[in-house]
Amino acid sequence: MRKKRKLFNTMITAYILFTVTVGVTNSIVFYLDDHIGTGILKKESIVLLPGLSLGGLMEMVIFALSVYLYSRWTSKRITGPLEKITDAIQKMREGEFAQRLCFKADYELTLIQEHFNEMVAHLEKTEAEKNKLEQSKQRMLLDLSHDLKTPITTIQGYAMALQMGVVDSPEKQRRYLEMIYNKSIIVTALVEDMFQLATLDSPDLPSAEEQEDLAELVRQIAIAYFDQFEQNKFSLDLKIPTQRVMIRMNRNLLYRALSNLLSNTLKHNPKGTKVALSLTDTDEAILLKVMDNGIGIAEELKESIFQPFVRGDKARTGEGTGLGLAIAKKAVELHGGKLLLKSEPGKTVFEVILPKVRE
C-alpha cells in the first residue's frame with residue numbers, strides 16, 4: 001500500500017514544506033523585528049501605505065514567493081505528466097498510435113503511463129491487422145472477379161459464335177460446346193469453393209463432437225483418388241496404422257481438407273511424381289503427412305500459400321480455384337489442429353497436426 005499512497009504522500013509533503021517555510025519565514029521576520037536596531041521592522045516604524053509596514057510587506061513577498069515555488073514544484077510533479085497524457089490521448093483520437101508516453105512521476109501516474117502505452121500498442125496492432133484484412137478482402141474480390149471473368153468471357157464468346165451461326169462444322173460445334181461445358185465446370189467449382197470458405201466462418205457450423213476413426217477416413221480418401229493417381233502415373237505409398245485412430249471430427253470437413261491436399265498434389269506436379277501419405281498416432285497428437293517429390297513450392301509463396309486465391313503457378317504447373325489450401329487450413333483449425341507446409345526444391349510436405357481425444 002505504501003507505493004499506492006506515493007502521490008498522496010507527495011501532496012502532503014508539499015503542504016508540510018510550504019507550512020514550515022511560511023512558519024520559519026514569520027519567525028525570522030519577528031526575530032529581526034524584536035532584536036535588530038530600534039525595531040526598524042515594526043509595523044508602526046515604517047509605514048509604506050496605510051495599514052502596511054515594511055515588515056508586513058516582507059511577509060507578503062516571502063509568502064507569495066513560497067506559493068509560487070511550491071506551485072511550480074507541484075505542477076512539475078503532477079500537472080506536467082497530466083498534460084502529456086492529455087496530448088497523447090488527443091493524438092490517439094486523431095488516429096496517431098505511434099506516440100508513447102515517457103515521463104518520470106509518482107507511482108500512480110507511472111502506472112497510468114504503462115497502461116496507456118500498452119493500450120496504444122494494442123490499438124496500433126489492431127489497426128494494422130484491420131488494414132491488412134481490408135487489403136486482403138480487396139485483393140480477394142479482385143482475384144475472384146478475375147477468375148470468374150475469364151471463363152465467363154470464354155463461355156460468352158463461344159456461345160455467341162454458335163448463336164450467330166459462325167460455326168457450321170458439326171465437329172467444331174461439338175468442340176465449342178465441350179469448351180463451354182469445361183469452363184462452366186471451372187465457374188461452378190469456384191463458386192462452390194467460395195461458398196465452402198464462407199461456410200467455415202459461420203457460427204452455425206456443426207462442431208466436431210463425434211468420435212470417429214481417422215485411419216478409416218484416410219483409407220477411403222486414398223481409394224477415392226486411386227484412379228486419378230494411376231491415370232497420371234503417380235505412385236502412392238500408404239502408411240496407415242491397422243488399429244483405430246479415434247478423434248473428434250466433422251467428417252465432411254476433414255474429408256474435404258485431406259482430399260484438397262491430395263488434389264493439390266495431383267494438379268501441380270508432373271507425371272511420375274511419388275506421393276507418400278502417412279498417419280502416425282503419437283502420445284501428444286495425431287500426425288498426418290502428404291509428401292511428394294515434385295518440383296516444390298517457390299520460396300516467395302511459402303508465407304502466403306494458405307491464403308485464398310494464392311496459387312503455386314509460379315513454381316508449379318496446373319489450374320485450380322486457388323482456394324483448396326485455404327479451405328483445408330481452416331477446416332483443420334476448426335478441429336483444433338494445425339496445417340503446416342515444409343517445402344524444399346524437389347520435396348513438399350503438408351503436415352496436419354490434430355489433437356488426440358482426451359477421455
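Biologist: Before anything else, what does buried mean here?
Modeller: Buried means under 20% relative accessible area. Keep in mind that this is a predicted model.

Biologist: Fine. Is phenylalanine 234 buried or exposed?
Modeller: Phenylalanine 234 has a relative accessible area of 8%, so it is buried.

Biologist: And phenylalanine 229, buried or exposed?
Modeller: Buried, because its relative accessibility is 2%.

Biologist: How many aromatic pairs are there in the whole structure?
Modeller: The search finds three. One of them joins phenylalanine 229 and phenylalanine 234. The two ring centres are 5.7 Å apart and the planes meet at 85 degrees, an edge-to-face arrangement.

Biologist: What about phenylalanine 306 and phenylalanine 350, how are those rings set?
Modeller: Their centres are 6.2 Å apart with 75 degrees between the planes, so this pair is edge-to-face.

Biologist: Which parts does that pair tie together?
Modeller: Phenylalanine 306 sits in the loop between β7 and α8, while phenylalanine 350 belongs to strand β9, so the pair links parts 44 residues apart in sequence. Phenylalanine 306 counts as buried at 16% relative accessibility, and phenylalanine 350 counts as buried at 1%.

Biologist: Switching to α8. Which of its residues are buried?
Modeller: Helix α8 covers residues 324-334, and its buried residues are Leu325, Ala326, Ile327, Ala328, Ala331 and Val332.

Biologist: What covers them?
Modeller: The cover includes helices α4 (170-199) and α7 (251-267), along with strands β8 (338-344) and β9 (347-355).

Biologist: And what does glycine 336 do just after α8?
Modeller: Glycine 336 takes a positive phi, about 80 degrees.

Biologist: Now the strands. How do β4 and β6 run?
Modeller: β4 (residues 235-239) and β6 (residues 274-281) are parallel, with five bridges joining them. Lysine 239 has serine 278 in β6 as its bridge partner.

Biologist: What stands opposite serine 278 in β7?
Modeller: Lysine 289. β6 and β7 pair in the antiparallel sense through seven bridges, and they make a hairpin with three residues between them.

Biologist: Last topic, cavities. How many of 30 Å³ or more?
Modeller: The count is one. The largest cavity holds about 30 Å³ of space.

Biologist: Which residues line the largest cavity?
Modeller: Val218, Ile221, Leu258, Leu262, Leu277, Leu288 and Val290. By class, the lining has seven nonpolar residues, no polar ones and no charged ones.

Biologist: Which elements each supply at least two of them?
Modeller: α5 (214-224), α7 and β7 (285-292). α7 also turned up above, in the cover over the buried residues of α8.

Key. Residues numbered from 1 in each chain as written. Predicted model: local features only at pLDDT ≥ 70, side-chain atom pairs only at ≥ 80, totals over all residues. Heavy atoms only, no water. Buried < 20%, exposed > 50% of the residue type's maximum accessible area, 1.4 Å probe, protein only. Helix = DSSP H or I, 4+ residues; strand = E, 2+ residues; numbered from the N terminus. Contact = heavy atoms within 4.5 Å. 1 Å grid on protein atoms, 1.4 Å probe; cavity = no way out; pocket = protein on both sides within 12 Å on 5 of 7 lines; lining within 4 Å. Points joined across faces, edges and corners; volume = space filled by probe spheres on them. Nonpolar A, V, L, I, M, F, W, Y, C, P; charged D, E, K, R; others polar. Pairing = 2+ DSSP bridges. Phe/Tyr/Trp six-rings, centres within 6.5 Å; stacked < 30°, edge-to-face > 60°.
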